[in-house]
Amino acid sequence: MYVTKKSKHERPCLRLESVHNMEKLITDFITRRVSHAAGGTTYREPLVGFARAGDPLFQQLKAVAGPEHLLPEDLLPEARSVVAFFVPFDRELVRVNRLHPYVAREWALAYIETNRLLEDICGELAGELAGYGINVAWQLPTHNFDQQRLVAAWSHKHVAYICGLGTFGRHTMLITARGCAGRLGTLVLDYELRPSSRPEQRFYEKCVKCHYCSEICPVQALGEHGLDKQLCYQYLLEIDAYYADLPVCDVCGKCATGPCAVR
Ligand code: SF4
Ligand code: SF4
């Protein structure tokens, strides 16, 4: 977990903008940063959503994601708001991974580069907000989960759902207004932001007739009862070993190349 803190007497209150402008400032910052991302991965325009730290869904998340799931105030004691952002991959990357007989090297690279980008965005945005006297905490985009039980103490996708970024698909990923092919980042702030509205339903309605993800999964990890995390993760480790010349890339994403990948 990363936390940036300024003591209260350091707060340059004169620079604090209205709540409305602060949401725009955060959205513009993330959008600009994604458009200037280094590396070979190409992105579409990101989505940004907000929730109140006191939203009762954070408590309810303990029932879904496990009792050890953290609350916003566990990350930042004075937490007031939560920010989630989705960085969508471009359509071509999705096509390349869909057609690849295994997992495309480009997809593995995109995973590595985007995890770095998410970390950079969180760190740089925290620095920017510190200039307004706002404290920020965030968790790494991945590899912060229990390796045995495969559960994270801070689930970015569930937090992004609470922030109104989308609904869950059969593949258990979040399907946003720009699809599911991409990566999610989240931050906790001690500043009040206007919460985004959430979609009415929790599940993606088109999943009823579509079984693309469960059919394409190379290890049949997606069944009627959801995702078999152990089966999926064993396959991801296999891919990491296959691309041994790359940094950690336990990723597959075949299930994120279907009709809900790019919207
Ligand atoms: S691939 Fe089809 S079934 Fe799977 S999550 Fe997307 S829309 Fe739903
Ligand atoms: S990431 Fe790959 S192995 Fe895991 S559920 Fe999706 S398609 Fe299956």
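**Notes on the predicted model**

1. With 263 residues in the chain, a compact globule would be expected to have a radius of gyration near 18 Å, and because the chain itself has 18 Å, the two agree. This is a predicted model, and the points below should be read with that in mind.

2. The C-alpha trace of the chain spans about 55 × 40 × 35 Å along its principal axes, while 41% of the 263 residues are buried. Among the contacts in the chain with a separation of 6 or more, 77% are accounted for by residues 24 or more positions apart.

3. The chain contains 8 helices and 9 strands, and one of these strands, S3 (residues 81-88), is mostly covered, with 8 of its 8 residues buried. Both faces of S3 are covered, since the buried residues include Ser 81, Val 83, Phe 85 and Val 87 on one side and Val 82, Ala 84, Phe 86 and Pro 88 on the other.

4. Strand S3 pairs with strand S2 (residues 47-52) in the antiparallel sense over 6 bridges, and Val 48 has Phe 85 in S3 as its bridge partner. Strand S3 is also joined by 8 bridges to strand S7 (residues 182-189), again running antiparallel, and here Ala 84 stands opposite Thr 186 in S7.

5. Turning to ligand 2, there are 13 residues around it, of which Cys 217, Cys 232, Cys 252, Lys 254 and Cys 255 come nearest. By class, the shell around ligand 2 consists of 10 nonpolar, 2 polar and 1 charged residues.

Terms used: Residues numbered from 1 in each chain as written. Chains lettered and ligands numbered in written order. Predicted model: local features only at pLDDT ≥ 70, side-chain atom pairs only at ≥ 80, totals over all residues. Near = placed C-beta within 6 Å. Nonpolar A, V, L, I, M, F, W, Y, C, P; charged D, E, K, R; others polar. Helix = DSSP H or I, 4+ residues; strand = E, 2+ residues; numbered from the N terminus. Rg over C-alpha atoms; globule rule 2.2 N^0.38 Å. Buried ≥ 20, exposed ≤ 12 C-beta atoms within 10 Å, placed from the backbone. Contact = placed C-beta atoms within 7 Å. Pairing = 2+ DSSP bridges.
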